[in-house]
Amino acid sequence: MEERYVVINGRRWRATDPAIPEETAARLRKALMSARRDVGVALRAGDAVAEAQARRRVHAAKVALGERGTPWWEQTAEERRQRWESIEDN
């Protein structure tokens, strides 16, 4: 059975959807890291608008990876595919 959670520093986090093709998962992780960097830049600059935009991008990437939103193990294969493809629309 696929692991649904990972434990990091004693805290349980939802695992990335294992059905995501590796190339797509890598692209989504890259988008997530870019958005997280932009959150930091915005915080240091005191730019609330840029921070909010970057946080929305973080959320969208995490949803696409299956780490937020409806749990991936409760979705059909088609719903899962649509979820990770949805970030291209954002």
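User: How do the axes of helix 1 and helix 2 cross, and at roughly what angle?

Analyst: Bear in mind that this is a predicted model. For a helix pair, look at the axis distance and the crossing angle together. Here the axes of helix 1 and helix 2 come within 8 Å, and the crossing is at roughly 160°. Angles over 145 degrees count as roughly antiparallel, so that is how helix 1 and helix 2 run relative to each other. As for handedness, helix 1 passes helix 2 in a left-handed crossing.

User: Which kinds of residues make up the contact of helix 1 with helix 2?

Analyst: Sort the contact residues by character. That gives 13 nonpolar, one polar and seven charged for this contact. On the helix 1 side you'll find, among them, Leu28, Leu32, Asp38 and Val39, and helix 2 brings residues including Ala54, Arg57, Val58 and Leu65.

User: Take aspartate 38. Is it buried or exposed?

Analyst: Go by relative accessible area: partly exposed lies between the 20% and 50% limits. Aspartate 38 has 32%, so it's partly exposed. Skipping neighbours within four places in sequence, aspartate 38 is in contact with Ala54 and Arg57.

User: And how many residues does the largest nonpolar core have?

Analyst: Count the members, then see who has the most contacts inside. The largest nonpolar core has 13 residues, and Ile20, Leu28, Leu32, Val58, Leu65 and Ile87 have the most contacts inside it. Helix 1 (22–45) and helix 2 (48–65) each supply at least two residues of this core.

User: What is isoleucine 20 in contact with, beyond its neighbours within four places in sequence?

Analyst: Isoleucine 20 is in contact with Ala25, Leu28, Ala64, Leu65, Arg83 and Trp84, those neighbours aside.

Methods: Residues numbered from 1 in each chain as written. Predicted model: local features only at pLDDT ≥ 70, side-chain atom pairs only at ≥ 80, totals over all residues. Heavy atoms only, no water. Core = buried A, V, L, I, M, F, W, Y, C linked by side-chain atoms within 4.5 Å. Buried < 20%, exposed > 50% of the residue type's maximum accessible area, 1.4 Å probe, protein only. Helix = DSSP H or I, 4+ residues; strand = E, 2+ residues; numbered from the N terminus. Contact = heavy atoms within 4.5 Å. Axes fitted to C-alpha atoms, helices over the stretch in contact; angles between N-to-C directions. Parallel < 35°, antiparallel > 145°, perpendicular 65-115°, else oblique. Left-handed = near helix turned anticlockwise from the far one by under 90°. Nonpolar A, V, L, I, M, F, W, Y, C, P; charged D, E, K, R; others polar.
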